[in-house]
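I opened a notebook for this one and jotted down what I looked up, entry by entry. Come along and read over my shoulder.

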Amino acid sequence: MSDLSIKDHPVLGPAPVRRRVTVYYEGRPVEAAEGETVASALTRAGIKVFRTTEKTGEPRGLYCGMGRCSDCMMVVDGEPNVRTCVTPVRDGMRVEIQHGLA
Amino acid sequence: MKEGIAYSGVPSEEELAACPGVPSRARMARGAVAYIECVQCIPCNPCQQACPQGAITVGTPMTNMPVLDENKCVGCGRCVSKCSGLAITVINKACGGGLATLDFPYEYLPLPKVGDTVEAADRLGQAVCPARVLAVRSDGGDEGTRVIRIEFPLDEADRVRTIRRLKPEV
Amino acid sequence: MKNESDFLVLGGGVIGSSVAFFLSRTGAKVTVLERGDTAFGTAGASGGLINWITCAETQMGLFMRSQSMFEHLQEELGADFELNYNSYNMQIISNEIEWKASEQLVKDFKLPGFEAKLIDSRESHQLEPSVTDDMLGSIYVPRVHYLNPIKLALAYRGAAERAGAVFVNGAEVTGLTVENGRVVGAVTPTESYSAGMVVNCTGVWSDRISAMAGVNAPIHPIRGEFVITEPTVKFCNTTISSAQYQTIVQHPELFSPNAIKYNLGFSVEQTTTGSCIIHGTREMNSGLDNSVIPEVIELLIQTACRFIPRLGSLKIMRTYAGVRPGTPDGDPYIGLTDAVQGFCQCCGHGGEGIALSPATGEAVAELLTEGSAVHCDISRFSPDRPAPAPEV
Amino acid sequence: MELLEREIVVIGAGPAGLCAAIEARRTGAEVMLVDENSRPGGQLFKQIHKFFGSSEHHAGTRGYDIASELCRQADSMGTEMWLDTVAYGIFPEGVGLVKNGENYIVKAKKIIVAAGGSEDPAAFKGSTLPGVITAGAAQTLANVDRVLPGKKIVVLGSGNVGLIAAYQLMQGGAEIMAVVEKKDHIGGYGVHAAKLRRAGVPILTESVVTEAVGKDSVEAVTISAADAEGRPVPGSERTIEADTLCIAVGMSPLTELLWQAGAKFSYVQELGGFVPLHDEHMMTTLDGLYAAGDVTGIEEAPIAMEEGNIAGISAACACGHIGPDAAAWLCAAAQQRIRSLESGSFGDNRWAARHRLLDSMPRKE
């Protein structure tokens, strides 16, 4: 699996060491850092498809990153329409692609 | 295509010639001097405060282009890391041995190491010639903007502005 | 002459657009002046339920004509306005008092083919699994339609435009031109328009236009607030209401002070996009203020969550309020007046404007082009009818 | 529904809201600062570049350092901070808030709206494909979450946001394939563009993105030459390999709350669209309702902060915590700083637009 983590940064320095948690994307374990958003954790793992549209089934992914649009909505622990760009990860969280309206 | 920093991101000959922060050729030939490539009216003045010699004046309004007093400037390079636009370098064409040095700001990782041979690059990021790294320093407590000094053939001193970004070690 | 037409329709809501459609269909030249945009006012803040059981007896003729016109209206207008034709409405009954009132309601309604029935809690859940367990049962009302009111207004407009009508938006009427006891046109801040007949379809604002013509036709605005949820999968099969509107006046002891203050009913519809529209308050004599009152929204949300617990997990996308054009006797003003020539009233439809719009447009067009309404008797809606005795 | 009463409610804890809260609190006013996010600072924490401006006022300081400092000040002054709280409406009864599913109406003497701005979308074939993200989202990922949105990135838009985001993504280790600009010139400061050019990044002016290509996510970006109206020239298409396309085509004020409250607006192109009319105290056409920051027109953070200062001082003054003379003096100083930030070829037209806006504010007799 790809890892898009920025481990060291010229301005910000090395990435802070944070407690690791595991979220399950479509049942598949994805390692995440405590405090980050679901969208961040999935992006880190190279996952881009967050939901599909109701009428045409087209894929959508993280877009605005500030809770304004609805493109990153997923089914989180069974709850639909969760804006993953403003939702922090929790250990053991189940995250599923939202197909259409849920 | 129209020339100039607003069209290409590269200042034109005319813009540089008219820029009050660019030292004269005669001054550059005498030794280390700041080269302030600030050719637009930007509301910004930290370079003025940064200079211990009082060689840089922005004044009022703040959007004035910084004026370099090339006779006061000693080429210490304190201004290099203080420029928010990363537009200041220090050029020294009087090192001898057919060489010149350039102090320039660098905000990428990995950093070059002293003694490394790197590719000096021009304003378009194109490789110009090999250069040797003489110093890597951070001024004024800000680790984010490093100032790197490289040494390269004097002939290329008018073209070299930076180095090619180093590829991360795998 | 510029800006001259046979009919000048004032108001581009659902009534004005319908009138414009039926008039222009006869070949007449029709101009519509709208101060905002189509469905900018009441039609843009309405529920889409067309329910015969709550229709006033006086309006039943007009209602039933509309009821049947809706069957082919989408094809006739050449537009989809999200019509759910011949669906049903479920009115949740919470207590014995409501049950008794509902039994009476169902028994009293004697129009053949329109028979509501009371069903128990189990049967209610089979029809609508999302409703609360805390209920005695419900009124099952068949032959109910629901639709998207904004799209309905746009559908009338589109069809009217194809028939040659001209709609002018941003045209607020600031005066009527009256010559020798006859209304001959209207003026806006920038233009003047003339016509053989001016039709007042300006709903909650119609009393002002009436006054410009020298006609007294009072309007009592009734405010209702709306809550729109985020879209979700289809879980309402149809429109779900509460039967409490029958008891809130006679049995205030069953309700909270705010429920009484805002005349709380309850209705939810799920649109084709998946959003739910929650509404049901009727604030009498609210004035034209269409701002949202937080405690009303709170009340609606609490009520919605009580009747359909699932709604509690949905996020609210927006809220808004609209004002409906009530009249002192509850009936609309439709027809010509002896007070002034060249002026036809078509306003004051209260909360039934969407439902009555097809037959109203048809009747007005018949009246003005053929001399009398053919399909419906609209004489009782005459603007010259005696005003009701003031309440003591 | 719980009813609360506070002296001043500030909505939005970005640079403008924090400064408003700090300045009001400094005078002793009772301030409630509300933000929908779980931490204050707004979009400042993702600004890792050094700001322009005067060396006396944060110039040369990186955005996240400013954010930390403002948060520290607000906190140390005892500002009542309501995070994870959505302000959903401004009513005659008060400000409607939802926190943890609970509904609150907060009656306030003065309300300051500092809701910020949001990024404009761009429409082209494939613009909804995963991998097409706003520049702001890319900055949040790279600079706050320490994640790259992708490895090979095209940036659409050469304003300061696009140029800075491109540079920061490179600092995070990505490769910028190109910056694409519809106009014949670069929108942002030349020095930001020059940094990209020195790193070898092409800035393609008079070009438009015509398609984001890919099955489930971006695999390539097709660009075309643009004519004088910004329309693609047929036959000029070329494809750039990329896994991410960052959209940086402008921003608009987040004005919903002010519209809902009933404030009057004016359309000002230079400031990003519809902006609320306001007076020199940042008060809107509604008595006691103030606006500050991007909500009054898109600007950089230093100007948002000065507007926040003015709104905070003015609201505190209106509550009687500071005399009118002292308030006028402080506001004039802040106005002076705004003027110095908004001069020169980049700022003059915005300064002029701002003054047209001030002039169109209805005056009380």
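**Entry 1: the two domains of chain D**

I began with the centres of domain 1 of chain D and domain 2 of chain D, which lie 31 Å apart over C-alpha atoms. Before going on, I noted that this is a predicted model, where local features need pLDDT of at least 70 and side-chain atom pairs count only at pLDDT 80 or more, while totals for chains, interfaces and linings use all residues. Residues are numbered from 1 along each chain as its sequence is written, and chains are lettered from A and ligands numbered from 1 in the order in which they are written.

Domain 1 of chain D covers 2-118 + 251-359, and domain 2 covers 121-247; such bounds come from an automatic or database domain assignment. I found six residues of domain 1 of chain D in contact with eight residues of domain 2 of chain D, where contact means that the C-beta atoms of two residues, placed from the backbone, lie within 7 Å. On the domain 1 side of chain D, I listed three nonpolar, two polar and one charged residues. For these classes, Ala, Val, Leu, Ile, Met, Phe, Trp, Tyr, Cys and Pro count as nonpolar, Asp, Glu, Lys and Arg as charged, and the others, Gly among them, as polar.

**Entry 2: a helix pair in chain D**

Next I looked at helix α1 (residues 15-26) and helix α2 (residues 63-76) of chain D, which pack at an angle of about 30° with their axes 9 Å apart. Helices are DSSP runs (H or I, at least four residues), strands are too (E, at least two), and both are numbered from the N terminus. Axes are lines fitted to C-alpha atoms, for helices over the stretch in contact, and angles run from 0 to 180 degrees between N-to-C directions.

From α1(D), the contact takes D:Pro15, D:Leu18, D:Cys19, D:Ala21 and D:Ile22, and from α2(D) it takes D:Leu70, D:Cys71, D:Gln73 and D:Ala74. I sorted the residues of this contact into eight nonpolar, one polar and no charged.

**Entry 3: which chains meet**

Which pair of chains shares the most contacts? Of the five pairs in contact, it is chains B and D. Here 36 residues of chain D are in contact with 36 residues of chain B. α5(D) gives the most to the chain D side, with nine residues. By class, I wrote down 14 nonpolar, 16 polar and six charged residues for that side of chain D.

Chain B and chain C have no contact, and their closest C-alpha atoms lie 41 Å apart. Chain A puts four residues in contact with four residues of chain B, and the chain A side has two nonpolar, one polar and one charged residues.

**Entry 4: chain A**

I counted one helix and eight strands in chain A, in the order β-β-α-β-β-β-β-β-β along the sequence. Its C-alpha atoms fill a box of roughly 45 × 25 × 25 Å along the principal axes. Chain A has a radius of gyration of 14 Å, which agrees with the value near 13 Å for a compact globule of 102 residues; the radius is taken over C-alpha atoms, and the globule rule is 2.2 Å times the number of residues to the power 0.38.

**Entry 5: chain C**

I closed with chain C, divided into domain 1 (4-44 + 150-218 + 329-381) and domain 2 (85-144 + 220-326). Their contact takes 11 residues from domain 1 of chain C and nine residues from domain 2 of chain C. The domain 1 side of chain C divides into three nonpolar, eight polar and no charged residues.
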